[in-house]
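User: Could you take a close look at the ligand site for me? I'd like the surroundings and the contacts in one go.

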Amino acid sequence: MKIAVVTGASSGIGAATARALAKTGFRVILGARRMQQLEALAKEVGGEAFPLDVCDTESVRKFASRLPARVHLLVNNAGGALGLEPVVEMDESKWLTMFQSNVLGLVRMTREIYPLLDQSGEGSHIINIGSVAALETYLGGAGYTACKHAVRAITETMRIEWLGLPIRVTEIDPGLVETEFSLVRFEGDAVRAKKVYEGMTPLVAEDVADAVVWAATRPPHVNIDQILLKPRDQARADRVYRKVPSP
Ligand code: 8X3
């Protein structure tokens, strides 16, 4: 049975991806900080849950040491945005946390799991969850978009460095997806978070999970480099159609 590892799997895109991969036939190993949610999900999908903080090298090493000898798919999903302050109002601790989780966390995970990647038979696959923010910028988004642009650069570099090896590398770039993303970005301000999706129909986590499963289930000689998926109501990161409520 093929083994898939999903980071940030306790909620949102990570949880939906874990469910979808399990349904497709993968044995799923989940990592996140919130163990209660993670264990419930592991039970639901017949997988395993281990604590993981991608910001902490020791935590990543310990997580990797508990994995089976061979891993076929790593979904680097853990990460998120904090704040929407302009550049000259940079909050250093928010920026550090964003770079730690979105950028260094992804590389730490990849570094520790690389020796476990199956390079026999059909090979293995790393899927990095990027964002429309990997391709565009928007007002107040410098910290987050810089992180996701970095994810894009790192993903492309992996593909060059591993050329000739049986390791596929994919980047999935979602636009607006209604998850805890905005609640985290606005530090628990539910009213502000809700406004992000007001009057429009956002993607749901399952839409992104679909893209992950599709990329992961192509024949082994096919590498899906990138998928950019956005709601129909979103033309660009900062161009969203919203229905005006009737008076
Ligand atoms: C989330 C999408 O537009 O808020 O990755 O950066 S956006």
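Analyst: Here's the ligand site, followed by a helix and a loop residue. Bear in mind that this is a predicted model, where local features need pLDDT of at least 70, side-chain atom pairs count only at pLDDT 80 or more, and totals for chains, interfaces and linings use all residues. Numbering runs from 1 along each chain as its sequence is written, and side-chain values use heavy atoms, with hydrogens and water left out.

Around the ligand sit Ser131, Val132, Ala133, Tyr138, Tyr144, Gly175, Phe181 and Arg185, each with a heavy atom within 4 Å of it. By class that's five nonpolar, two polar and one charged, counting Ala, Val, Leu, Ile, Met, Phe, Trp, Tyr, Cys and Pro as nonpolar, Asp, Glu, Lys and Arg as charged, and the others, Gly among them, as polar.

Now the polar contacts (N or O pairs within 3.5 Å). The side chain of Ser131 puts an N or O atom 2.6 Å from a ligand oxygen. Tyr138 has a polar side-chain atom 2.6 Å from a ligand oxygen, and for Tyr144 the distance is 2.8 Å. The protein covers 89% of the 250 Å² of accessible area the ligand has on its own (Shrake-Rupley, 1.4 Å probe).

Elsewhere, the buried residues of α8, including Val208 and Val212, pack against α1, β4, β5, β6 and β7; buried is under 20% relative accessible area and exposed over 50%, with a 1.4 Å probe and protein chains only, and contact means heavy atoms within 4.5 Å. Helices are DSSP runs of H or I with at least four residues, and strands are runs of E with at least two, numbered from the N terminus.

Last, Glu187 lies in the loop between α6 and α7. Its phi is near 50°, a positive value in a residue other than glycine, and Glu187 is exposed at 60% relative accessible area.

Definitions and conventions
Polar contact = N/O pair within 3.5 Å; in protein donor to acceptor, adjacent residues only side chain to side chain.
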